[in-house]
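Trainee: Could you take me through one part of this model closely? I would like to look at the sheet and the helices that lie across it.

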Amino acid sequence: MATLAQTSTPDAHQRDIFLRISAHLAHETGIQSALNAVAREVAEVLPHTHFDICLLDGPGWCVSYEVGITTRWSRRRTRTEVSPVRDILTGKVSNMICTNAMEDPRQTFEGARSEPIFNHRLRSRVHVSMRVMGQLIGTLNISHNEEGLFDDASLQLTEHLGDLLAPYFHALRLIEKAQRDAMERAEVQSREEGLRHGASRLAQAFEQERQRIGMDLHDQTLADLTRLLREVKDESAPLDRYAIASNLTRCIGDLRATIEEAVPSQLELFGFAHAISEHLEKSAARVEGLTVSLRDEADEAIDEIDPMVRTAVFRITQEAINNAMHHANATHIDVTIDRARSGGLRVRVRDNGRGISLAPTDRKSGLLHMETRARLILARLDIENLGGTCVTLTLPHDVKGARP
Ligand SMILES: Nc1ncnc2c1ncn2[C@@H]1O[C@H](COP(=O)(O)OP(=O)(O)OP(=O)(O)O)[C@@H](O)[C@H]1O
Ligand SMILES: [Mg+2]
């Protein structure tokens, strides 16, 4: 076993090691790699089986960076009040030496996160506080399997080390935090941009819809009414009331069809399941051999959600059914309304057709609008090949107005 330090002032060998540590730290930019380099050097003067730095991470929490053995300490954040080094982290003491931590009540108190001490038999332990500009930032901890290995000299050496390492690790930690914050900001930004993009695509779709309604009214209804007016005004020919009435009836029918395409009136009047069932029946009537089924296992809860959200769910379901009808070559389309495990309402459109190709290039307006609408109502859209296509829309469990 290596000889432990005997004196309070570092000797030439120890100073050499400190210089080498400084050189390592000057080149390292990550906390873990810096710690590995330091631990290798420290082993020459303070032999150890476990070496870690525990840094405060917001009020009441700490995180560890370990070398040698990886334990739960570095796997997740720990509350300072259950950390074996809580007395240092809470400022009660500035250092600690344990002859045998496995039997030391300061480390193994009720509720303490001391499993690694027992699992890896970390008997000898020496701990010092790490400070930057007078502020406590964490602890430096060195442990060995052998009992009673560390003494005052080891403590003093560890203190020198703690003083040397504290500013470096504080800076590395700040850099790590800044990088994480920057990544989170970039993610939020790209999500917002995606949503803005989606909203603008949807606005474009609304504009196209408005133009389509204008064109339908212009080309069909307006043209019919103009022709009728001409006939009524024509004094040279007798008025054929029957012909005029049947033309007017047709006009009203066309107008109703145009309106119905724009506003899902079935949805408003009779509810979601009914409107979808109507749509399914219409689809089945258009394709020979196509059968359809609908099950509402959520007890009409979908009719209690915010009407805007419900309309979006209706549009998504409608497009999934249209796609199944046009592209799947299916003989059956099933729509199920139920609740997901999360508690959120779920609508599933499943066909037994040829299955969908999931290549992104195949996505046209239909699928893109489905995705955009889903994102705008914060729902999750899954499109899977399950021996046919299965489109599942899952609403968040706390969707506005939803019955629990
Ligand atoms: N249920 C399905 N089964 C098989 N293929 C499908 C299914 N749904 C979609 N697809 C495929 O995905 C493609 C993209 O669908 P999408 O709805 O985006 O476009 P579209 O239906 O062709 O046109 P539109 O923009 O008018 O909806 C379809 O062209 C089709 O090849
Ligand atoms: Mg489509």
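Mentor: Happy to; here is the sheet, strand by strand, and then its helices.

This is a predicted model, in which local features need pLDDT of at least 70 and side-chain atom pairs count only at pLDDT 80 or more, while totals for chains, interfaces and linings use all residues. Residues are numbered from 1 along each chain as its sequence is written, and chains are lettered from A and ligands numbered from 1 in the order in which they are written.

The sheet is open and holds 6 strands in the order S3-S2-S1-S6-S5-S4, with antiparallel pairing. Strands here are DSSP runs of E with at least two residues, helices are runs of H or I with at least four, and both are numbered from the N terminus; two strands pair if DSSP finds at least two bridges between them. At the edges sit S3 (78–79) and S4 (95–98), each pairing on one side only.

Now look at S1 (residues 50–56) and S2 (residues 61–67): they are joined by 6 bridges in the antiparallel sense. Ile-53 faces Tyr-65 of S2 there.

Two helices cross these strands. Helix H2 (residues 31–42) lies across S1 and S2, at about 55° to S2. Helix H7 (residues 152–233) lies across S1, S4, S5 (124–132) and S6 (135–144), at about 45° to S5. For contacts, C-beta atoms placed from the backbone must lie within 7 Å; the angles run from 0 to 180 degrees between N-to-C directions, with axes fitted to C-alpha atoms, for helices over the stretch in contact.
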